[in-house]
Amino acid sequence: MNVPLLDLAAQFHSVESEVRAAIERVLQSRIYILGPEAEALERELAAICGARFGVGVSNGSDAILTSLMALGVGPGDEVIVPTFTFFATAGCVARAGARPVFVDILPETFNIDPDAVAAAVTPRTRAVIPVHLYGQCADMPRIRAIADRHHLAVVEDACQAVGATFDGRGLAHWGHCATLSFYPTKNLSAIGEAGMVLTNDEQLAEKLRCIRNHGQGRQYEHHLIGGNFRIAAIQAAALRAKLPKLEEWNAARRRRAARYDRVLAGSAVTPPPADPRCVHVYHQYTIRCDRRDALRARLTEAGIGSGIYYPLPLHLQPCFAHLGGRAGMCPVAERACAEVLSLPVFPELSEFQIDHVCETILDFVGS
Ligand SMILES: *Cc1c(COP(=O)(O)O)cnc(C)c1O
């Protein structure tokens, strides 16, 4: 039995006619950038995520950059980010001209450690970017409280967490804004590049819209220096075709995670502990194993896909060497890099496939 890490073909078959109709609609309209499809997606998805406004952008990375620009983050500023995340979280800070300050994570949730955030604040700190890693929200009430004490902006990197909630509140409730990515492997995926910024702040939404279109107000009148961060209409239309399935897909991921939890409990691998305050959307189902690389080799042999998110923390990335990161500075994250392994958890994964993955793991660790 072959078990891929992700099966995009299975998802495509379940929405093929809707996606094809959406593409056709855009071809007929001749409106290829922004326009009514983008506006409808912004309204519909913001509502699903519990936010007032959505601003469609080119991708998740540009969603973070646009947010930082709209919040006035720039040269001379420091922005606190977790060291255990996808590169874009910190890369965008540097692209905005600011300095990323890397802090450690909590061992249970893999999310940013609020105490480490508080300890990293300096007079130059302007913002913090908690990441909802693997689809589970960071401890937002604590992070917001720290941010308010020091007048920091909070950008939630929710690129892996579309549909997640914390204490019953949606994305961008605790943060000033939240960013989404629709990269093809994400829980809600475009047929190319796309992203969105969510916010409840009307003025911030206005500024985000301006910045994503070169800071333009009236045509050829530029109030701000923005960029071309516009969402393509064909992506917005394809995403709208998938929206009715989003909650069902996220629920299917949760059921698959629960099955792994049950079967792997008490074994030599550690299932990911879930924060009871969060509705997790399981972008990844990530276990820990002290013999991770050998386990991964065994899974590969057995035809089972797996992923390592992420093998190297950001404070040790070559491109950030000038910031002075050293091994040992963020021990929890460094250990996670050596131990994490993400298993297939996509909505179309069958129970047989999950059981096959579990049997292969339990056979390897000896249970
Ligand atoms: C995917 C991702 C991004 C970037 O999104 P793109 O659409 O690929 O630019 C940023 N942060 C995190 C945590 C991500 O997983």
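Arg 25, Glu 37, Glu 44 and Arg 240 are linked in a network of salt bridges, a salt bridge being a side-chain nitrogen of Lys or Arg within 4 Å of a carboxyl oxygen of Asp or Glu. This is a predicted model, in which local features need pLDDT of at least 70 and side-chain atom pairs count only at pLDDT 80 or more, while totals for chains, interfaces and linings use all residues. Residues are numbered from 1 along each chain as its sequence is written, and side-chain values use heavy atoms, with hydrogens and water left out.

Within the network, the side chains of Glu 37 and Arg 240 meet in a salt bridge with an N to O distance of 2.9 Å. Because Glu 37 lies in helix α2 and Arg 240 in helix α8, the pair ties together parts that are 203 residues apart in sequence; helices (H or I, at least four residues) and strands (E, at least two) are DSSP runs, numbered from the N terminus. Glu 37 counts as buried at 13% relative accessibility, whereas Arg 240 counts as partly exposed at 24%, where buried means under 20% relative accessible area, exposed over 50%, and partly exposed in between (1.4 Å probe, protein chains only).

The structure holds 20 salt bridges. One of them joins Glu 339 to Arg 288, with the closest N and O atoms 3.0 Å apart. Since Glu 339 lies in helix α11 (residues 331-339) and Arg 288 in strand β10 (residues 285-288), this pair ties together parts that are 51 residues apart in sequence, and both Glu 339 and Arg 288 are buried.

Turning to the nonpolar interior, the largest nonpolar core has 47 residues, and those with the most contacts inside it are Leu 45, Ile 80, Leu 180, Phe 182 and Leu 198. Such a core is a set of buried Ala, Val, Leu, Ile, Met, Phe, Trp, Tyr and Cys residues joined through side-chain atoms within 4.5 Å. Helix α2 gives the most to this core, with five residues, and the core draws at least three residues from each of domain 1 (8-244) and domain 2 (246-365), whose bounds come from an automatic or database domain assignment. Apart from it lies another core, of 37 residues, among them Tyr 260, Tyr 285, Cys 330 and Ala 336.

As for the two domains, 47 residues of domain 1 are in contact with 34 residues of domain 2, contact meaning heavy atoms within 4.5 Å. Their centres, taken over C-alpha atoms, are separated by 24 Å.
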